[in-house]
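I opened my notebook and wanted to get a feel for this chain. Here is what I looked up, entry by entry.

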Amino acid sequence: MSRDGLTIADTDDAERQRRIRDRIKRRALALFGAATAVILVVMFYYPVWTVLSEAIFVDGAATVSVFVEILQDPFYFGEVARLFSGESPITVFGDLLSSDRQLGIVGFTAYQALLSTLLSVVLGVPAAYLLARFDFPGRRTLRSLTILPFVLPSIMVAVGFYATFGQTGTLNAMLGAVGLGPVDLLPSLEVVLVAHAFYNAPLVARLTTAAWESVDASAIETARSLGAGPFQAFRDIVAPQLVPAVVMSAALTFVFTFGTFPIVLALGGFELATIEVFVFRLIQDFSYAEAAALALIELAISLAILYLYLRYEARQSVENRGARPLARRRLRPPSLSLRELLPRAGLAVYTVIALLVFVLPIGSMIYESLSGPTGLTLEHYQFLLDRQVTGAAFQVKPWPAIRNSLVIGVGSLLVALPMGIVVAVLTTRRYRGRKLVDAVAMAPLAVSGIVVGLGLLRGLVFGVEIGGTRLALGGLAAIVAAHAVAGYPFVVRTVAPGLSSLDARIVESARSLGASRIRALWDIELPLVWPGVVAGAAFAFAISIGEFNATVVLASSTNQYTMPIAIERFMGRRLGPATAMGVVLLVVTSISFVLIDRLGGESRGL
């Protein structure tokens, strides 16, 4: 009897455990979503709130006085500040059209972001044409590297452009070799715009290339058979499919360049300062309320652009399943006709410009790292080795910086990749409020890295009182959190397009055979979008390796220096060691993106 009773009890327990497991499996995706939301609140929203609340609560009381002062200050808003002071809109807009108009910090930030966006599109679209319409040796590797400049550390890019356009840079050396006088280009808005194009034109090229490769060749053939000429077929069939990609990449470029910081500070100086530069300066001066209010205004503008981008992207997410891509032409012309020679001549001119914009800065940095007063030398790399052996405790040493970068990169990857996959799944399912979830999850793209770093420092690093217990996060863990927050949106943007394009019947078949929602995701969907997952992992790792804005705030107080921080420290004293460390960082970042091509193939996202 007792044996039978024990058997029945064991059976009941086993059945109860099976029901619990089934319930967990059914709700696993919701649990993962809840866990991701908690992590996002702890690592992003709470730290950001600790900073931005300084503008809302002054001396313990809620107020908008700080915002009013900024909005009415011509230093920040230029002529537009007069609108907030009650002046006539007609008079203000008339003065805005005059040649001596005053833009203010916010107006100049938007102005340079608009110019940077236009230049990025002008340089990115021809690159997409070359990659999508022509076949040549190394095309696939070149395509996988198109996004490399986008994730290179900003401080390293600044070093490269300084080595190119500085008074003793490569450009002046080339001009001197042909008997032309030196030019003084730093600081200047023109060099800042070119540096922004260096970053963002490859992003435009990558998104536009993917759109061009999805054009159905049969639709063009049908149009041509009905009497349409080449230009008309391009206008009516190809262009409508390219415009969404160009618009979306332009919106992202505007958001990224609107929040620019190290490039402007290094190449433009304070006379060309943007909102981000002044937020950093106000924080250094301990003017937290004014810095927080200015950061909130920047955030509102960036989030508005980002929201429009997400809405536009959602309307353009239909894929051409079964489309036959356009056949690529050989780069070598089959004949000497004008029709064959003209586009290739244009590509030749573009190649020269692209070499100056994209290759020369990196080449100048590498050359500077190998050059000395007497010619080629390895003394700058020897300096790094000597600093490692003989450097004082307070000095930045190369190996700890490299080790910290790799450890933080791996740590942020382990956090950002699952977060990004969960958010990608949640934002590709149909339910009420999905667009709001997408916008909330993508907010880190629009928030200043300086604000995130300061929030993590003042909140989690200094510690939080919860129930009488003080909880604090270590300096290295805080940097991992900041990097994961910066990287996971790019995982979302690489994985989500693949998930949204999958045939829903595949998942439905798996579910009808008894697979849980999480099992179908793990066994069916993720293997089918594996290239996007690998691409997202490479993005998260490379962005962590090169992150500077949040790290410069956290590293100064936690003594956890990374390679970009080491470059900035070396750059303050000698350019040679800074370029040598930049080359090391370039090698690490390049390897991570070559892995996209070798392990993941071509993804349909970023």
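**Charged pairs**

I began with two neighbours: aspartate 236 and arginine 235 meet through their side chains in a salt bridge, 3.0 Å from N to O. Keep in mind that I am reading a predicted model here. How covered are these two? Aspartate 236 has 43% relative accessibility, so I put it down as partly exposed. Arginine 235 comes out at 45%, which makes it partly exposed as well.

Next I asked how many salt bridges there are by this rule. The count comes to 5.

I then looked at arginine 569, which forms a salt bridge with glutamate 568, and the closest N and O atoms are 2.2 Å apart. Arginine 569 is partly exposed because its relative accessibility is 23%, and buried would need under 20%. Glutamate 568, at 27%, also counts as partly exposed. Elsewhere, salt bridges with shared partners tie Glu79, Arg82 and Glu87 into one network. Within that network I checked arginine 82 and glutamate 79: their closest N and O atoms are 2.5 Å apart, and they form a salt bridge. Are they buried or exposed? Both arginine 82 and glutamate 79 are buried.

A reminder to myself: side chains of opposite charge can pair when their charged atoms come close.

**Rings**

I searched the whole structure for aromatic pairs and got 17. One of them is tryptophan 49 with phenylalanine 57, an edge-to-face pair with 6.2 Å between centres and 80° between planes. Tryptophan 49 has 44% relative accessibility, so it goes in my list as partly exposed. Phenylalanine 57 is partly exposed too, with a relative accessible area of 40%.

Then I turned to phenylalanine 490 and phenylalanine 539, whose rings are stacked, at 5.8 Å centre to centre and 15° between the planes. Where do these two sit in the chain? Phenylalanine 490 is in helix H23 (residues 475-501) and phenylalanine 539 is in helix H26 (residues 530-546), so I noted a pair that links distant parts of the chain, 49 residues apart. Both phenylalanine 490 and phenylalanine 539 are buried.

I also found a cluster: ring pairs link Phe161, Phe165, Phe198, Tyr199 and Phe358. One ring has a charge for company, as the charged end of arginine 458 sits over the ring of tyrosine 288, 4.5 Å from its centre.

**Helix H12 and the loop before it**

I walked up to H12 through the loop between helix H11 (170-177) and H12, where proline 187 has its place. A cis peptide bond joins leucine 186 to proline 187, with omega at about -5°.

Does the length of helix H12 (residues 189-213) fall short of or match its expected span? Its 25 residues should span 36 Å at 1.5 Å a residue, and the end C-alpha atoms are 35 Å apart, which agrees. H12 does bend, by about 35° at phenylalanine 198, and proline 202 follows within four residues. Phenylalanine 198 is also one of the rings in the cluster I noted above. As for cover, 23 of the 25 residues of H12 are buried, so I wrote "mostly covered".

**Helix H23**

I ran the same checks on H23. Its 27 residues should span 39 Å at 1.5 Å a residue, and the end C-alpha atoms lie 40 Å apart, which agrees. H23 bends by about 30° at valine 495, and proline 497 follows within four residues. H23 is mostly covered, with 23 of its 27 residues buried.

**Helices H20 and H21**

I found proline 398 in helix H20 (residues 398-426). Proline 398 has a relative accessible area of 7%, so it is buried. Which residue did I compare it with across the chain? I picked alanine 566, 168 residues away along the chain, and the C-alpha atoms of proline 398 and alanine 566 are separated by 7.2 Å.

My last stop was helix H21 (residues 434-441), where Asp438, Ala439 and Ala441 are buried. Down the axis of H21, the buried residues fall within an arc of 165°, so they line one face of the helix. For background I jotted that an α-helix has 3.6 residues a turn, so residues three or four places apart point the same way.

Key. Residues numbered from 1 in each chain as written. Predicted model: local features only at pLDDT ≥ 70, side-chain atom pairs only at ≥ 80, totals over all residues. Heavy atoms only, no water. Buried < 20%, exposed > 50% of the residue type's maximum accessible area, 1.4 Å probe, protein only. Arc of directions from axis to C-beta. Salt bridge = Lys/Arg side-chain N within 4 Å of Asp/Glu carboxyl O. Phe/Tyr/Trp six-rings, centres within 6.5 Å; stacked < 30°, edge-to-face > 60°. Lys NZ or Arg CZ within 6 Å of the ring centre and 35° of its normal. Expected span 1.5 Å × (residues − 1). Bend = angle between axes of the 7 residues up to and from the residue.
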